[in-house]
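Biologist: This one is new to me. Please take me through the cysteines closely, and then through their surroundings.
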Amino acid sequence: MIASADQMRPAACARPENQHLSWISETAVFTERAAMAAVCAACPVLALCAREVATTKTTAGFWAGADYTIPDPPEQDTLPGLELPGTAAVGMAA
């Protein structure tokens, strides 16, 4: 279900006093996430927002009191002995 703009207009995150928060940031710090969760807890459209995020592919941002940002996978070095032919592992002599 895709909520209409009219349905989401009363959302607490849309209020001017809350627009400074990093609602769609991929790098929100703990204190920002805690502040956003508090705003969501008192939001008049929390249930609609939760239904929206449950029925659409959401991969980033803070929605319905939760952070839906999917972190990038960590970079991983090649294990010694598993290099591609013609290459050497980082830090290993060829």
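How many disulfides does a search of the whole structure find?

Modeller: Zero disulfides turn up in a search of the whole structure. A disulfide here is a pair of cysteine sulfur atoms within 2.5 Å. First, a caution: this is a predicted model, in which local features need pLDDT of at least 70, side-chain atom pairs count only at pLDDT 80 or more, and totals for chains, interfaces and linings use all residues. Residues are numbered from 1 along each chain as its sequence is written, and side-chain values use heavy atoms, with hydrogens and water left out.

Take C13 and C43. C13 is in no disulfide, and the nearest cysteine sulfur, that of C43, is 6.1 Å away. Seen from C43, the closest cysteine sulfur is in C13, too far for a bond. The two also carry separate labels. C43 counts as buried, at 16% relative accessibility. C13 counts as partly exposed, at 34%. The cut-offs are these: buried means under 20% relative accessible area, exposed over 50%, and partly exposed in between, with a 1.4 Å probe and protein chains only.

Now the wider frame. The chain has three helices and two strands, in the order α-α-α-β-β from the N terminus. These are DSSP runs: helices are H or I with at least four residues, strands are E with at least two, and both are numbered from the N terminus. Of the 94 residues in the chain, 24% are buried.

C43 leads into the core. The largest nonpolar core has 13 residues, and those touching the most other members are L21, W23, M36, V39, C43, V45 and F62. Helix α2 (residues 30–41) gives the largest share of this core, three residues. Such a core is a set of buried Ala, Val, Leu, Ile, Met, Phe, Trp, Tyr and Cys residues joined through side-chain atoms within 4.5 Å. In soluble globular proteins, nonpolar side chains tend to be buried together.

F62 deserves a look. Leaving aside neighbours within four places in sequence, F62 is in contact with W23, R33, M36, A37, C40 and D67. Contact means heavy atoms within 4.5 Å. Among contacts in the chain between residues at least 6 apart in sequence, 49% join residues at least 24 apart.

C13 leads to the largest pocket. Its lining has 15 residues, and M8, A11, C13, C49 and W63 lie nearest the centre. α3 and β1 each supply at least two residues of that lining. About 230 Å³ of space lies in this pocket. On a 1 Å grid over the protein atoms alone, a pocket is an open set of points where a 1.4 Å probe fits, with protein on both sides within 12 Å along at least five of seven lines; lining residues have an atom within 4 Å of a point. The volume is the space filled by probe spheres set on the points, which are joined across faces, edges and corners.

W63 links onward to T58. T58 touches V53, W63 and Y68, not counting residues up to four places away in sequence. T58 sits in the loop between α3 (46–55) and β1 (62–63). It is buried, with a relative accessible area of 19%.

Two last stops. A64 lies in the loop between β1 and β2, and its phi is near 50°, a positive value in a residue other than glycine. P71 comes in the segment after β2 (66–67) and counts as exposed at 62% relative accessibility.
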